[in-house]
Amino acid sequence: METNALSLTFDPFLAWPLIALAGIVAAALGGAIIVMGLRGAWLRTLAAACLVLALANPVILNEERASLPTTVAMVLDTSQSQRLGDRLDQMDAAAADLEATFERFPQFDLRIVETGASATGANTETRMFEALRSALRDVPPAQVGGAVMITDGQIHDLPESLSELGFDAPVHGLITGSEDEFDRKIELVEAPRFAIVGNPVEMSYRVTDQGAMPAGTDGVVDVELFLNGELHATDQAAPGQTYPIEIELDRGGANIVELRVAELDGELTGNNNRAIMRMEGIRENLRVLLVSGEPHSGERTWRNLLKSDASVDLVHFTILRPPEKQDGTPINELSLIAFPTRELFVERIEDFDLIIFDRYQNRSVLPTLYYDFIAEYVRQGGALLVASGPEYAGANSVARTPLISALPAIPTGDVAQAGFFPRLTDDGARHPVTRDLEGAGSEPPQWGRWFRTVDVSNVEGTTVMHAAGEAPLLVLNTYGEGRVGLMLSDHGWLWARGFEGGGPHVGLYRRLAHWLMKEPELEEEALTATSEGDVLTIRRQTMAETVGPVTVTTPSGETLTIDLIEQAPGLFEAELQTDEIGLFNLENGDLTALAHVGQTDAPEFRDMISTTEALAETVREGGGTVRRVGNGDAPSILPVRSTADAAGRDWLGFRTSAETELRGVSRQALFGGFLGLGLMLLVIASMWYREGR
């Protein structure tokens with residue numbers, strides 16, 4: 001709407017002090033002639049005043065102004081809790097009604113903004129007021145007519161006062177959902193983020209019932225505790241009380257701890273019937289027993305590598321005095337440590353995570369029965385590495401003991417003495433122990449040669465490296481619940497000494513030792529997923545050349561099929577961008593994995609019952625109102641003055657702005673042109689006429 005406004009201003013021809021001086025002179029002369037009683041004194045004074053006024057140049061301004069529209073913000077809640085039931089449908093219907101109503105009021109400029117996430121990360125909070133500030137950031141406070149929020153009432157950035165918004169206008173809330181909702185949730189009250197693997201750790205949890213719970217649901221409920229997707233324990237709990245529960249991590253690295261209660265018929269959502277905790281498993285120092293059969297050039301290579309790893313406790317024995325070298329010297333005069341065979345291989349063998357035989361041969365230091373104990377130790381889940389030399393092909397080979405049942409290859413008795421480049425096999429290029437081994441990508445490999453291998457037959461398991469003529473060099477196998485590695489050369493120390501440029505002995509030996517000790521990152525067949533922000537990265541390790549798609553079940557129950565892309569031999573990956581938070585289940589063949597996107601204790605899942613109470617107290621300060629949208633029908637809209645009520649039984653009021661915008665200005669000088677000339681002539685003519693009489 002356009003309006004005109006008249007105003008008077010001055011555009012002087014001379015400086016104001018000069019005009020003031022002329023006015024003083026004119027006033028003095030006029031006063032003198034009036035006192036003297038001269039004829040035409042008043043007309044003379046009026047003429048002088050008109051002259052002074054003409055010097056001041058009075059101007060009439062005619063301003064053309066247009067009323068500025070009043071800005072109103074409509075903030076729509078698209079958070080994950082708003083997706084429950086028919087809340088989104090209610091919001092869409094109410095928003096459409098309001099938008100159509102605002103179109104009938106040209107004085108209102110409606111801005112619609114959606115929000116469901118914080119400005120800094122994943123969809124874990126409903127930040128309505130943050131979105132409101134952003135929508136009105138460029139609007140002067142006087143032009144803000146108010147705001148309306150369509151939400152389920154679960155808002156996580158409620159201000160302490162509406163004055164923090166920077167404008168004085170009503171904020172209204174339209175609440176989706178229904179009054180008879182009910183929900184059961186479980187939450188972790190106390191849970192450590194780190195735990196020692198193998199040691200029990202205590203947590204506590206609480207089951208909470210919200211809303212109008214149906215009859216018969218106030219008794220004890222069954223609680224299931226899952227560790228990395230497998231049922232670990234069960235418990236019973238009464239809603240509203242806190243209970244302790246104990247868990248023991250069985251692996252290092254990231255572990256997903258999950259508490260679950262059954263979903264009730266008709267409850268709002270099952271998303272919060274599961275409480276998720278990511279717990280980092282920390283291994284106590286790994287205990288490794290290294291037994292060297294005799295001093296040799298490569299003995300210290302294994303020792304130095306294991307001693308340099310702060311996570312390894314090494315027990316190292318070298319057999320310097322086998323039984324056949326007895327010379328009658330009394331034991332108390334020897335500076336050697338007696339080999340505690342019974343203590344190591346019977347009483348405390350279960351304490352070791354890995355046993356390494358480094359060029360060890362059977363010289364009756366260990367009774368034959370003890371080799372049975374070692375084989376049984378591996379079968380029950382232990383780890384054994386045989387780093388062999390020529391003795392593995394001889395008559396005293398450990399392959400000629402009961403340990404043969406655990407070994408992946410039988411020596412033929414031959415030892416090859418010729419230079420060769422260790423190479424990866426096709427399986428080795430895909431195996432996590434040797435995949436991406438530095439220097440393996442060229443031909444010949446970018447590392448030094450070795451010069452001796454032990455010939456074997458009846459190879460079982462996976463050969464990941466081979467020597468000349470594709471003879472096995474490094475063989476990996478499983479035995480029962482445990483793992484066995486067989487290195488068929490003792491020349492790895494050449495890499496450590498830098499011969500012909502050396503080689504990646506540290507990476508190879510360390511990966512080999514950790515694979516034997518079942519580090520999850522080195523599993524041949526593994527499905528894992530990690531999240532960063534709202535991106536879920538899926539990773540599949542396999543010994544196969546191809547893999548099928550991964551089936552992903554989202555927290556809302558939607559099932560997605562994701563095709564994986566080969567990144568390297570044996571390694572396939574894919575990324576999934578999601579706007580959901582919570583636990584994702586992944587399946588690929590027989591493999592399953594769990595991954596949690598967003599905060600494990602996200603505010604979005606703490607309370608999901610729609611409510612009018614949270615927002616009501618906040619908006620009441622600005623004269624706003626909170627009401628349910630019910631079937632989606634929105635109340636009517638009324639423009640109101642700043643002093644009037646901002647809400648009624650079936651209407652919402654929004655302030656109208658009195659601000660205007662200047663469109664144009666026209667000016668007319670009173671003493672300019674014919675108007676000024678006519679006025680001056682009139683005064684002078686009157687003066688002459690009076691004097692002529």
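The exercises below, each with a worked solution, concern a predicted model.

**Exercise 1. Cavities**

Find how many cavities of 30 Å³ or more the model holds, and describe the lining of each.

Solution. Rolling a probe the size of a water molecule over the atoms shows where empty space is left.

Step 1. The count comes to 2 cavities of 30 Å³ or more.

Step 2. The largest cavity holds about 100 Å³ of space. Its lining has 15 residues, and those nearest the centre are Trp302, Asp358, Ser489, Asp490 and Tyr509. Sorted by type, the lining of the largest cavity has 5 nonpolar, 7 polar and 3 charged residues.

Step 3. The second largest cavity holds about 50 Å³. Among the residues that line the second largest cavity are Leu305, Leu306, Asp309 and Tyr509. Its lining divides into 6 nonpolar, 1 polar and 2 charged residues.

Step 4. Turn to the helices around the second largest cavity. Helix H5 (299-308) and helix H10 (505-516) each supply at least two residues of this lining. H10 gives the most, with 4 residues.

**Exercise 2. The partners of strand S14**

Determine in which sense strand S8 and strand S13 each pair with strand S14, and over how many bridges.

Solution. Strands of a sheet pair through backbone hydrogen bonds, either parallel or antiparallel.

Step 1. Strand S8 (residues 194-196) and strand S14 (residues 274-282) run parallel and are joined by 3 bridges. In this pairing, phenylalanine 194 stands opposite glutamate 280 of S14.

Step 2. Strand S13 (residues 253-261) pairs with S14 in the antiparallel sense, over 8 bridges. Here isoleucine 256 has arginine 278 of S14 as its bridge partner.

**Exercise 3. A sheet of 4 strands**

Work out which strands are the edge strands of the open sheet that contains S27 and S31.

Solution.

Step 1. Write down the order of the 4 strands: S28-S27-S31-S32, with antiparallel pairing.

Step 2. An edge strand pairs on one side only, and this holds for strand S28 (559-562) and strand S32 (591-597).

Step 3. From one strand to the next, the twist averages 25°.

Step 4. Look at one pairing in detail. Strand S31 (residues 582-588) is joined to S32 by 7 bridges, and the two run antiparallel. Asparagine 585 has leucine 594 in S32 as its bridge partner.

**Exercise 4. A hairpin**

Describe the pairing of strands S25 and S26 and the turn between them.

Solution.

Step 1. Strand S25 (residues 526-532) and strand S26 (residues 535-541) pair in the antiparallel sense over 7 bridges. Alanine 529 is opposite isoleucine 538 in S26.

Step 2. The hairpin has 2 residues between the strands, and glycine 533 takes a positive phi near 65°.

**Exercise 5. A pair of rings**

Classify the pair formed by the rings of phenylalanine 345 and phenylalanine 357 as stacked, tilted or edge-to-face.

Solution.

Step 1. The model has 12 aromatic pairs.

Step 2. In the pair asked about, the ring centres of phenylalanine 345 and phenylalanine 357 are 6.5 Å apart and the planes are at 40°. Planes under 30 degrees apart would count as stacked and planes over 60 as edge-to-face. The pair is therefore tilted.

Step 3. Phenylalanine 345 lies in helix H6 (residues 341-347) and phenylalanine 357 in strand S17 (residues 354-358), 12 residues apart. Both residues are buried.

Step 4. Some rings form a cluster: Phe102, Phe105, Phe108 and Phe654 make up one aromatic cluster.

**Exercise 6. Backbone exceptions**

Explain what is unusual about the backbone at aspartate 436, at asparagine 458 and at the bond from glutamate 443 to proline 444.

Solution. Most residues other than glycine have a negative phi, and most peptide bonds are trans.

Step 1. Aspartate 436 is not a glycine, yet has a positive phi of about 60°. Aspartate 436 lies in the loop between H8 and S21. With a relative accessible area of 56%, aspartate 436 is exposed, the cut-off being over 50%.

Step 2. Asparagine 458 also has a positive phi, near 55°. Its place is the loop between S21 and strand S22 (462-466). Asparagine 458 counts as exposed at 55% relative accessibility.

Step 3. The peptide bond from glutamate 443 to proline 444 is cis, with omega near 0°. Proline 444 is in the loop between helix H8 (426-430) and strand S21 (450-457).

Technical notes. Residues numbered from 1 in each chain as written. Predicted model: local features only at pLDDT ≥ 70, side-chain atom pairs only at ≥ 80, totals over all residues. Heavy atoms only, no water. 1 Å grid on protein atoms, 1.4 Å probe; cavity = no way out; pocket = protein on both sides within 12 Å on 5 of 7 lines; lining within 4 Å. Points joined across faces, edges and corners; volume = space filled by probe spheres on them. Nonpolar A, V, L, I, M, F, W, Y, C, P; charged D, E, K, R; others polar. Pairing = 2+ DSSP bridges. Axes fitted to C-alpha atoms, helices over the stretch in contact; angles between N-to-C directions. Phe/Tyr/Trp six-rings, centres within 6.5 Å; stacked < 30°, edge-to-face > 60°. Buried < 20%, exposed > 50% of the residue type's maximum accessible area, 1.4 Å probe, protein only.
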